[in-house]
Amino acid sequence: MRTIRLGRTDVQVPVVSLGTWAYGGENTSASGQSIGWSGHDAEEARAALRAAHAHGITHWDTADVYGDGRSEQLLGELWGDVPRDDVFLASKVGWDAGGHAHYYHPDLVRERVERSLRNLKTDVIDLYYLHHCDFGPRDVYLDDALEVLVRAKEAGKIRFIGLSDWSCHNVMRVIARVDPDVVQPLRNLTADSWVESGLQAWCAEHDVGVAFFSPIRHGLLLGKYDGPTHFPDGDFRKTDGAFLDADLIARLRDNARALRDGLSHLAEPVLSGLIAPLLADAPTACVLLGQRTPRHVESAARADALLSRYEVRWVRSLFAGLAR
Ligand SMILES: NC(=O)c1ccc[n+]([C@@H]2O[C@H](COP(=O)([O-])OP(=O)(O)OC[C@H]3O[C@@H](n4cnc5c(N)ncnc54)[C@H](OP(=O)(O)O)[C@@H]3O)[C@@H](O)[C@H]2O)c1
């Protein structure tokens, strides 16, 4: 697996790194929103992690809120099979207020750092993110939440501080105040404000590491769906209208066919075709690919190919106009 230097952390991580949102299983927020994934199988997930380690996919991303800690716990149970020191381990705080006035109340952030350490059965978490950029009215919770992470870093409980959001513009709004070591924005071929938001320029200037999330839009961009697809309650994909869009799904099937033909010299033409353009203009970036089974990991391990400038341009042209 090809690696990159994750910006100023100076840590080498695999270009295709591993996300574990789905390891939390089905989940519903306090307000009744579907925020998890159906189809989780803990045995398969453990086998996927062992295979990932064997293939050098050793940057694992989780969060306090994935299955209310179940994803973190599954990772924490693995250190008998996978040496803890082999893994660059990232988690997050911010999407579950846990009875506090705000999900960045400093008491909550402090509690969650300790809970993540316990769940992950580790003395130190390599990278701890603020999961989103809503810090309350006039960002009133920002400084105190950040202060908790800075203290945790000084105490050796976390090594690096990260900042995440579904919107690159939101990240840009607070990035100067947070000064993160790593950012985790959404980026895929149908949702891409990395350059236009100014985040690309900021990361280049400040040597910030980058982990793009949902690089294949929760599996949709692979073109593997035959038509509109319904997911059960508790599955986040139920809330993404693109899974019900027959025209988009047909276009994505055509695109997958085009990638298989046009990039047939690659081991994983579709997966590489979707991922490589995201990394082409981001030298300190990896993608966080959700890998729930050993089969997903086998594909991911072959999907680190580089594309030529012409191929990147061609792939982008296939997806132009498909933002939904
Ligand atoms: N910071 C944030 O706010 C945030 C938000 C979202 C995600 N993330 C992180 O980013 C990670 C990845 O994002 P994501 O989970 O939304 O989606 P993703 O990586 O775009 O898609 C992953 C899904 O695609 C399918 N898939 C993957 N490889 C495949 C293969 N080779 N063949 C067929 N299907 C395959 C799997 O689902 P099926 O098998 O069910 O189709 C898998 O769960 C998350 O796990 C999480 O760590 C962070």
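**Helix packing, barrel and ligand shell**

In this predicted model, the axes of helix 8 and helix 10, the latter made of residues 309–319, come within 9 Å and cross at roughly 110 degrees. Because angles of 65 to 115 degrees count as roughly perpendicular, helix 8 is described as roughly perpendicular to helix 10. The residues that meet across this crossing are G273, A276 and P277 on the side of helix 8, and V312, V315 and R316 on the side of helix 10. Sorted by class, this contact between helix 8 and helix 10 consists of 4 nonpolar residues, 1 polar residue and 1 charged residue.

From this helix pair the description can pass to the sheet. The model contains a barrel into which 8 strands close, following the order 3-4-5-6-7-8-9-10, and the pairing of these strands is parallel. From one strand to the next, the twist averages 30 degrees. Helix 8, which covers residues 269–279, packs on the sheet, where it touches strand 3 (16–19), strand 9 and strand 10, and its direction makes about 150 degrees with that of strand 10. Strand 9, residues 209–213, runs parallel to strand 10 and is joined to strand 10 by 4 bridges. As for individual residues in this pairing, A211 has C286 of strand 10 as its bridge partner.

Strand 10 also leads to the ligand. Which residues come nearest to the ligand? Of the 27 residues around it, these are G19, W21, F213, G219 and G290. Two elements, strand 10 (285–290) and helix 9 (294–301), are the ones that give two or more residues to the shell around the ligand. The largest share of that shell comes from strand 10, which supplies 3 residues. In terms of chemical class, the residues of the shell divide into 10 nonpolar, 13 polar and 4 charged, and it should be kept in mind when reading these numbers that Gly is counted among the polar residues.

It remains to place these parts within the chain as a whole, which has 10 helices and 10 strands. Along its principal axes, the C-alpha trace of the chain spans about 55 × 45 × 40 Å. For a compact globule of 324 residues, the radius of gyration would be near 20 Å, and the chain has 19 Å, so the value agrees with that of such a globule.

Definitions and conventions. Residues numbered from 1 in each chain as written. Predicted model: local features only at pLDDT ≥ 70, side-chain atom pairs only at ≥ 80, totals over all residues. Near = placed C-beta within 6 Å. Pairing = 2+ DSSP bridges. Axes fitted to C-alpha atoms, helices over the stretch in contact; angles between N-to-C directions. Contact = placed C-beta atoms within 7 Å. Parallel < 35°, antiparallel > 145°, perpendicular 65-115°, else oblique. Rg over C-alpha atoms; globule rule 2.2 N^0.38 Å.
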